[in-house]
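Welcome! Have a look at the sequence and the model below, then work through the exercises at your own pace.

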Amino acid sequence: MKQFGTIFNFELKYYLKNKVFIGVTVFLVLLIAGVMFFPRVWAFFQSEEEAPTTPADGAVILLKADSAEKAETAAALFSAAFPEYNVQSTEDALDAIQNAVVTGEAECAFVLTSDTSYTYYVNNLSLYDMNTAVADEVLQQLYRMNAMTEAGMTMEEAGEILAVQIESQTESLGVNQAQNYWYTYIMIFALYMVILLYGQMVATNVASEKSSRAMEVLITSARPVSMMFGKVIASCLAGLLQLVAVFGSAFLFFRLNRDFWGDNIIINSIFDMPLSLLLFMLTFFVLGFFLYAFLFGAIGSTASKLEDINTSVMPVTMLFIISFIVVMVSMASGSVDTVLMKACSFIPFTSPMAMFTRIAMSTVPWHEIALSIGILIGSVFGVGVLSAKIYRVGVLLYGTTPKIGAILKAVRNA
Amino acid sequence: MVLELRSIEKSFGEKRVLTGVSFRAEGGKAFGLLGRNGAGKTTSIRILMGVFPADGGEVLIDGKPIDYKKIQIGYLPEERGLYPKKIILDQLTYFARLKGMEKKEAVKAIDFWLERLEMTEYRNKRLDTLSKGNQQKIQLITALAHDPDIVILDEPFSGLDPVNAMLLKDVVKEEIARGKIVLFSSHQMSYIEEFCDSIAILNAGKVALHGDLHEIKRNYVRDRLVVRTEFSAPILADFGTACTKLENGSLLIQLGNAGEKKEVMKRLVERYELDEVKVFEPSLNDIFVEYAGDSAEEDKK
């Protein structure tokens with residue numbers, strides 16, 4: 001136990017003193033600060049140069065009706081529908097109207113050609129131009145009003161019928177996927193990045209000890225199980241610290257800038273993550289991390305040279321990437337309770353991501369969660385002890401990377 | 001304290017590495033474990049240190065199975081290497097603490113050894129800034145800092161200049177004088193001859209020769225004479241095929257039996273102008289070649 005503590009301290013220091021580790025963490029925090037403060041900075045500049053961005057002071061909409069009696073009602077309705085514009089009725093010829101739009105005298109122009117048709121003139125049609133949609137509605141209403149009054153209704157009656165609003169409310173009894181999607185997405189992605197990154201670091205760490213022959217002394221001084229657990233737990237804590245730094249600062253910066261984000265659905269949904277889900281995240285992160293880091297460590301011990309690491313870890317990396325893709329695809333499709341996902345949420349190598357996704361985006365019975373976590377904990381210990389054994393055999397093997405069968409045989413004999 | 005390996009057996013897969021290896025090393029004396037590459041020295045050492053278990057046989061201290069919690073072992077591996085990018089004090093402290101020392105006493109012991117090996121100025125430097133010989137001295141500290149009962153030195157002199165080799169010799173002699181079991185493994189026979197009281201020669205996983213070095217030498221049949229002279233031609237002519245010229249210029253005379261020794265010596269002294277005449281005693285090198293030479297296992301390690 002004392003030995004474990006010594007190894008753990010030594011390894012943790014390795015991460016915390018590592019310039020790349022510190023650099024990446026600081027960079028991520030700064031990046032998040034940049035994103036989170038963006039609306040505040042934006043608002044600051046906006047308030048300084050407010051004039052040109054709001055069209056209220058004079059952006060003109062020209063309106064030419066096809067008959068004089070319609071011009072007045074249409075102008076009134078258009079003014080109401082475009083409150084930020086200055087709607088002007090005109091009798092000018094088409095050329096003059098077009099000219100006014102081109103020169104910028106008017107922002108745009110509506111030329112009504114009948115009760116149910118019009119031409120919209122605008123100089124540069126913006127991607128987000130919604131004016132025709134508004135105009136459509138106005139004219140539709142005008143047409144219906146006219147039709148109703150002609151059929152003998154009073155204006156008031158017609159107005160009432162047209163003004164009817166449907167009220168609706170949605171109450172999600174389980175989980176709201178639309179709301180959970182974004183933070184699940186971010187969490188899964190963070191899980192993926194951290195496990196892959198730190199897993200590789202554990203493998204490299206072990207392999208470099210082996211290639212520098214520091215292993216020759218280490219293996220005679222410390223128990224392989226202490227070595228393995230010390231390394232893996234230290235790197236897990238380093239990974240967690242990094243996550244906490246990144247997400248903690250994100251949360252802090254969000255709090256500082258909450259007012260400026262208004263009701264941005266994505267951002268709000270991310271930071272409204274329930275605590276229980278955060279705890280599940282932590283559980284699956286730690287267990288998934290251990291499982292993969294042990295494997296990476298064992299693989300690192302079988303490589304003689306650092307260059308061999310990349311090819312050696314390929315199978316484990318692939319396994320992890322595949323489970324990531326399965327989860328991402330089912331998340332995107334919206335159905336996270338497929339048979340595949342259910343199966344994946346119990347297989348230890350895929351369950352950290354699959355079960356977490358199901359918990360976040362669907363309603364999973366508690367006994368399934370307990371079973372999944374139980375299997376995972378069991379596998380972590382099994383894989384931990386097995387990889388410590390592989391480690392003990394692997395670190396003393398030099399030369400070509402041995403085949404899996406040969407290692408397992410050696411482990412059984414050792 | 002007496003360290004004893006008894007009938008150690010070990011195979012890796014199909015390959016038999018050690019067959020019935022037994023030897024005995026005493027405290028206060030140095031023991032030389034010799035053998036060609038691949039003879040099983042490193043495997044024996046690893047079993048002795050408990051890195052992996054033997055398939056059969058036992059490792060005993062004073063007749064009882066070794067308890068690694070009580071018996072401290074210091075090891076200087078043949079394949080040298082520590083953490084190249086880390087501060088020397090940090091890594092030495094780490095290794096000492098892995099051996100069970102508290103931080104304070106570890107730092108104290110390390111400072112003592114840095115001073116003793118004239119390395120104090122490198123205390124807070126990174127290992128890879130040091131020359132190869134100095135890195136070796138640092139590695140030696142990992143083997144000695146925790147004051148082990150058994151010190152295992154695998155090729156300790158390789159890569160050291162004569163001054164550092166002298167320093168190391170002094171350190172080793174001090175350790176022996178302190179009653180420790182010092183186990184040498186080396187191909188440099190002159191060093192083994194200088195330090196070791198007893199040896200074991202491994203050949204293809206078996207002990208080919210084991211015992212007190214002086215006794216081994218005494219037990220050789222004393223039927224050869226070494227003659228040092230400046231006028232070798234008449235002697236060569238006199239003794240014919242029984243006399244051969246050695247590389248260093250001396251003559252080696254093979255006698256019919258050991259009993260002729262006195263008579264032939266007398267004859268030589270009377271007839272010829274000699275600088276020296278003595279009974280031939282085999283060097284450790286000769287013994288090694290004789291016992292370890294006929295193995296074809298050179299390339300297997």
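Below are five short exercises, each with a worked solution.

This is a predicted model, in which local features need pLDDT of at least 70 and side-chain atom pairs count only at pLDDT 80 or more, while totals for chains, interfaces and linings use all residues. Residues are numbered from 1 along each chain as its sequence is written, chains are lettered from A and ligands numbered from 1 in the order in which they are written, and side-chain values use heavy atoms, leaving out hydrogens and water.

**Exercise 1. Describe chain B as a whole.**

Step 1: Start with the secondary structure, where chain B has 10 helices and 14 strands. Helices (H or I, at least four residues) and strands (E, at least two) are DSSP runs, numbered from the N terminus.

Step 2: Next, take the box along the principal axes: the C-alpha atoms of chain B fill roughly 70 × 45 × 35 Å.

Step 3: Then turn to burial, which covers 50% of the 301 residues of chain B. Buried means under 20% relative accessible area, exposed over 50%, and partly exposed in between (1.4 Å probe, protein chains only).

**Exercise 2. Work out the surroundings of Ser185(B).**

Step 1: Locate Ser185(B) in strand E8 of chain B, residues 181-185.

Step 2: Is Ser185(B) buried or exposed? Its relative accessible area is 1%, so Ser185(B) is buried.

Step 3: Look for polar contacts (pairs of N or O atoms within 3.5 Å; within protein, one must be able to donate a hydrogen and the other to accept it, and residues adjacent in sequence count only if both atoms are side-chain atoms). The side chains of Ser185(B) and Asp154(B) are joined by one of 3.3 Å. The Ser185(B) side chain also reaches the backbone oxygen of Leu33(B), at 3.5 Å.

Step 4: Add the contacts, meaning heavy atoms within 4.5 Å. Not counting residues up to four places away in sequence, Ser185(B) touches residues including Lys41(B), Ile45(B) and Pro156(B).

**Exercise 3. Find what meets the loop residue Gly27(B).**

Step 1: Gly27(B) sits in the loop between strand E2 (15-26) and strand E3 (30-35) of chain B.

Step 2: Its relative accessibility is 26%, so Gly27(B) counts as partly exposed.

Step 3: Leaving aside neighbours within four places in sequence, Gly27(B) is in contact with Met1(B), Gly179(B), Lys180(B) and Ile181(B).

Step 4: Finally, Gly27(B) and Ala177(B) are 150 residues apart along the chain, and their C-alpha atoms are separated by 9.2 Å.

**Exercise 4. Explore the nonpolar cores.**

Step 1: A nonpolar core is a set of buried Ala, Val, Leu, Ile, Met, Phe, Trp, Tyr and Cys residues joined through side-chain atoms within 4.5 Å. Of the 178 residues in the largest one, those touching the most other members include Phe289(A), Leu3(B) and Ile152(B).

Step 2: Apart from this core lies another, of 19 residues, among them Cys108(A) and Phe110(A).

Step 3: Follow Ile152(B), which touches Ile45(B), Met49(B) and Tyr75(B), among others, not counting residues up to four places away in sequence.

**Exercise 5. Locate Asp286(B).**

Step 1: Asp286(B) is found in helix H10 of chain B, residues 284-292.

Step 2: With 36% relative accessibility, Asp286(B) counts as partly exposed.

Step 3: Asp286(B) and Asn164(B) are 122 residues apart along the chain, with 27 Å between their C-alpha atoms.
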